[in-house]
Amino acid sequence: IKISNDLAEFLIESKILSYFREYTDVLNKTLSGNVMIEDLGDTLPFLFWFGKVTNNEDYCKLVLDFSKKLVKKFQKEDGFFRTSSFEIYNFDKMTDLCLGLNLMYLLTKDDFYLLSSKKFFDAFYKLVSSKRGFIPYLHFKYLGVSLNFSSGKFGVYIEELCNIYQLTNNK
């Protein structure tokens, strides 16, 4: 728990929660590399939960503020998330984001996360329907071309679709 507390303090003190990078060194208090938007989906809910377990409301507020900023910054108008600097949608990387949005809604009951999840899955349904039900691994938006090979993580989409159905009671 000491390392977890050190991480929490590092994030609060440096105000860098919104910028998790590939290389985050808590001990030396440095970070570098790409923003790990695809991993924030399964990181932020657990950081929020950590704040709840340790009764650290400042930490919970920080996680909530930054998670909303990240969704606003990286969720595109069409509902998908930017996972690269190009208009390439990587559906393997977006699985954890879907999980994270639904978990944040369950933890906070804040409709912001539910609406973001619905927006994503509406776009997801439209794209997958146009591909005859196949989930592409990568989709090049402006070319309209997809790389149609599968990932073992795609079961998360089915699980999170079931969860969003239960949360909204809406097919």
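**Helix α5 and the nonpolar core**

At the N-terminal end of α5, D110 acts as a cap: one of its side-chain oxygens sits 2.9 Å from the backbone nitrogen of F112. Keep in mind that this is a predicted model. The helix itself covers residues 111–130, and its length checks out nicely. With 20 residues at 1.5 Å a residue, α5 should span 28 Å, and its end C-alpha atoms are 29 Å apart, so the two values agree.

Quite a few residues of α5 are tucked away from the surface. The buried ones are Y113, L114, S116, S117, F120, F121, A123, F124, L127 and V128. As for what covers these buried residues, the list includes α3 (57–74), α4 (95–108), β4 (138–140) and α6 (155–168).

The largest nonpolar core is made up of 32 residues. Inside this core, the residues with the most contacts are F80, F81, F91, M94, F120, F124 and Y157. Two or more core residues come from each of α2 (37–53), α3, α4, α5 and α6, and α5 gives the most, with eight.

F91 is worth a look on its own. Setting aside neighbours within four places in sequence, F91 is in contact with F80, F124, L127, I135, P136, Y137, H139, F154 and Y157. Of these partners, F124 and L127 are among the buried residues of α5.

Finally, the cysteines. The structure has zero disulfides. C98 is buried, because its relative accessible area of 2% falls under the 20% cut-off. C162, at 45%, counts as partly exposed, because that value lies between 20% and 50%.

Conventions. Residues numbered from 1 in each chain as written. Predicted model: local features only at pLDDT ≥ 70, side-chain atom pairs only at ≥ 80, totals over all residues. Heavy atoms only, no water. Helix = DSSP H or I, 4+ residues; strand = E, 2+ residues; numbered from the N terminus. Expected span 1.5 Å × (residues − 1). Buried < 20%, exposed > 50% of the residue type's maximum accessible area, 1.4 Å probe, protein only. Contact = heavy atoms within 4.5 Å. Polar contact = N/O pair within 3.5 Å; in protein donor to acceptor, adjacent residues only side chain to side chain. Core = buried A, V, L, I, M, F, W, Y, C linked by side-chain atoms within 4.5 Å. Disulfide = S-S within 2.5 Å.
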